[in-house]
Amino acid sequence: MKIIVATGNMNKLREMREILGSDNVTLTCLKDEGLENVEIIEDGKTFEENAIKKALTIAKVAGVPVLADDSGLVVDALGGEPGIYSARYLGRDTSYDYKNQYIIDKLAGLEGDERSARFVCACAVAWPDGKVITTEGVIEGQIGFEIKGENGFGYDPIFYLPERGMTTAEISAEDKNEISHRGRALTAMYEKLKQEGLVL
Ligand code: IMP
């Protein structure tokens, strides 16, 4: 079974392959399918709306079921920023070293629960006829006091897990996939796809 993933983000695709890929399920990306230039308008107001838009846009062009995710970092002390704008926050081409340090600086003086944050991931699978199923996953944490760790991507080096004493950039890929927002949303999606008979 081949599922197209509506993403150009190779880090996400890697995590999705680690979580969903098997002998029965092959995940391909937009570039593999020659669909990287299809315009996807991400103007939804929620992670779920954006995930549906991405999956549905590509499913209609490709004529097969398509999986998409929309995810981001929600920082309570910043009124939920960067949220659905996580990829575009402070400019799409701005380095994550800069974005991460900016968020740390904005939270100066805050301690413990005042630094609460979560990663959220909405997944959608859309069919060309317009049918859609969605799932959501969340992981709770805090914004760390410094940039730490080399694994993962994006905001991982500042996403601190108090119970582990580490950021999601310090834990292994395997551990991250087990507890992460994307891991949880994709595992729930896998169960729903099994019920649909799309995967074994
Ligand atoms: P999207 O591709 O529009 O869904 O944007 C997702 C953005 O949210 C990424 O580019 C990262 O900035 C951030 N993000 C989502 N998931 C993660 C994660 O697992 N670790 C770190 N940053 C993440």
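This passage walks through the cores, the ligand site, the aromatic pairs and a few single residues of a predicted model.

The interior is a good place to begin. The largest nonpolar core has 20 residues, and those touching the most other members are Ile3, Leu27, Leu67, Cys123, Val125, Met189 and Leu193. Two or more residues of this core come from each of β1 (2–5), α1 (10–20), β2 (26–29), β4 (116–126) and α5 (181–196). Helix α5 makes the greatest contribution, giving four residues. Leucine 67 offers a view of the packing at one member of this core. Beyond its neighbours within four places in sequence, leucine 67 is in contact with Ile3, Ile4, Val5 and Ala6, with Leu20, with Cys123, Ala124 and Val125, and with Leu186 and Met189. A second core, separate from the one just described, has 18 residues, among them Leu35, Leu56, Val74 and Ala124. Alanine 124 is thus listed both as a member of the second core and as a contact of leucine 67.

Attention now turns to the ligand. Around it stand 17 residues, of which Lys12, Tyr96, Lys176, His181 and Arg182 come nearest. Several polar approaches can be picked out. Tyrosine 96 places a polar side-chain atom 2.6 Å from an oxygen atom of the ligand, while for glutamate 42 a polar side-chain atom lies 3.4 Å from a ligand oxygen atom. Tyrosine 155 takes part through its backbone, with a polar atom there 3.2 Å from a nitrogen atom of the ligand. The ligand taken alone exposes 490 Å², and 93% of that is buried by the protein.

Histidine 181, one of the residues that come nearest to the ligand, is located in helix α5. Its relative accessible area is 3%, so histidine 181 is buried, the limit being under 20%. Leaving out neighbours within four places in sequence, histidine 181 has contacts with Ser71, with Phe119, Val120 and Cys121, and with Gly137, Val138 and Ile139. The C-alpha atoms of histidine 181 and alanine 122 lie 8.4 Å apart, although 59 residues separate the two in sequence.

Serine 86 also has contacts with residues named at the ligand. This serine sits in the loop between β3 and α3 and is buried at 4% relative accessible area. Not counting residues up to four places away in sequence, serine 86 touches Ser71, Gly72, Leu73, Tyr96, Lys99 and Tyr155. Ser71 is a contact of serine 86 and also of histidine 181.

Three aromatic pairs are present in the structure. In one of them, tyrosine 89 and tyrosine 102 meet edge-to-face, with 6.1 Å from centre to centre and 75° between the planes. Tyrosine 89 belongs to the loop between β3 (66–75) and α3 (96–106), and tyrosine 102 to helix α3, so this pair ties together parts 13 residues apart in sequence. The two partners differ in exposure: tyrosine 89 is buried, at 9% relative accessible area, whereas tyrosine 102 counts as partly exposed, at 28%. Another pair, phenylalanine 119 with phenylalanine 159, is tilted, because the ring centres are 4.3 Å apart and the planes stand at 35°. This pair links distant parts of the chain, as phenylalanine 119 lies in strand β4 and phenylalanine 159 in strand β6 (residues 159–161), 40 residues apart. Both rings belong to buried residues, with relative accessibility of 7% for phenylalanine 119 and 0% for phenylalanine 159.

Phenylalanine 159 appears again in the surroundings of glutamine 142. Glutamine 142 is part of strand β5 and is buried, with a relative accessible area of 15%. Apart from neighbours within four places in sequence, glutamine 142 is in contact with Gly112, Asp113, Arg115, Ser116 and Ala117, and also with Ile158, Phe159, Tyr160 and Pro162.

Lysine 148 completes the tour, in the loop between β5 (132–143) and β6. At 37% relative accessibility, lysine 148 counts as partly exposed. Once neighbours within four places in sequence are set aside, its contacts are Pro157, Thr167, Ala169 and Glu170. Tyrosine 160, a contact of glutamine 142, is twelve residues from lysine 148 along the chain, with 9.0 Å between their C-alpha atoms.

Notes
Residues are numbered from 1 along each chain as its sequence is written. This is a predicted model: local features need pLDDT of at least 70, side-chain atom pairs count only at pLDDT 80 or more; totals for chains, interfaces and linings use all residues. Side-chain values use heavy atoms; hydrogens and water are left out. A nonpolar core is a set of buried Ala, Val, Leu, Ile, Met, Phe, Trp, Tyr and Cys residues joined through side-chain atoms within 4.5 Å. Buried means under 20% relative accessible area, exposed over 50%, partly exposed in between (1.4 Å probe, protein chains only). Contact means heavy atoms within 4.5 Å. A residue is near a molecule or strand if one of its heavy atoms lies within 4 Å of it. A polar contact is a pair of N or O atoms within 3.5 Å; within protein, one must be able to donate a hydrogen and the other to accept it, and residues adjacent in sequence count only if both atoms are side-chain atoms. Accessible areas come from the Shrake-Rupley method with a 1.4 Å probe; for residues, only the protein chains shown count as cover. Rings of Phe, Tyr and Trp (its six-membered ring) pair if their centres lie within 6.5 Å; planes under 30 degrees apart count as stacked, over 60 as edge-to-face and the rest as tilted.
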